[in-house]
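Colleague: I am new to this structure and would like a close look at a single part of it. Please take your time and connect the pieces as you go.

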Amino acid sequence: MFSKLAEKLNKKLNEDEEEIEFKKYDEEKKAPQENPAPARSSVINAGADSNIELKLAHPESFSDVADIADYLLDGCTVVLNLEAMEKAECLRMLDFLNGVTYTTGGDIKPVAQNTYIITPNNVDVQGDN
């Protein structure tokens with residue numbers, strides 16, 4: 001389950017500087033994702049002129065963590081609702097996703113009890129912390 005995630009992380013960490021091509025954010029075109037969404041998830045697009053993709057995830061078990069991590073590695077913002085999970089699994093999932101978020105330079109913030117917003121490094125969330 002984690003081999004795909006490890007492969008993506010290793011690829012990001014081992015990229016040669018010569019291979020990196022910098023583009024303006026507006027010029028990037030995002031390819032459709034091949035991965036199916038985890039149980040009970042939704043996608044919200046911010047608009048036709050925006051490249052920000054927002055995923056709503058309602059995981060029911062820790063086994064959904066790899067799909068959520070893939071969303072984060074693809075640069076999506078994730079709203080994570082952990083109400084359907086037991087406390088021990090919630091903590092385990094949050095620990096894992098905190099690691100992914102740290103590795104990608106993103107941010108994770110609580111927005112309500114058992115609900116978090118996880119953003120990539122190019123998205124800022126403003127409001128009460």
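Which residues does T77 touch, not counting residues up to four places away in sequence?

Modeller: This is a predicted model, and in it T77 touches I52, E53, L54, K55, I117, I118, T119, P120 and V123, once residues up to four places away in sequence are not counted. T77 is found in strand β3, and T77 is buried, because its relative accessible area of 5% falls under the 20% limit used for that word.

Strand β3, which spans 77–81, is among the elements that give two or more residues to the largest nonpolar core, together with α2 (65–73), α3 (87–104) and β5 (115–119). That core has 21 residues, and those with the most contacts inside it are I68, V78, L80, L82, M93, L97 and I118. The largest share, six residues, comes from α2.

One of the residues just named, L80, can be followed further: leaving aside its neighbours within four places in sequence, L80 is in contact with A57, P59, I68, M93, L94, L97, N114, T115, Y116 and I118. Within that list, T115 lies in strand β5, and T115 is buried as well, with a relative accessible area of 12%. Seen from its own side, and again not counting residues up to four places away in sequence, T115 touches V79, L80, N81, K109 and P110. I118, which is in contact with L80, is also touched by T77.

Methods. Residues are numbered from 1 along each chain as its sequence is written. This is a predicted model: local features need pLDDT of at least 70, side-chain atom pairs count only at pLDDT 80 or more; totals for chains, interfaces and linings use all residues. Side-chain values use heavy atoms; hydrogens and water are left out. A nonpolar core is a set of buried Ala, Val, Leu, Ile, Met, Phe, Trp, Tyr and Cys residues joined through side-chain atoms within 4.5 Å. Buried means under 20% relative accessible area, exposed over 50%, partly exposed in between (1.4 Å probe, protein chains only). Helices (H or I, at least four residues) and strands (E, at least two) are DSSP runs, numbered from the N terminus. Contact means heavy atoms within 4.5 Å.
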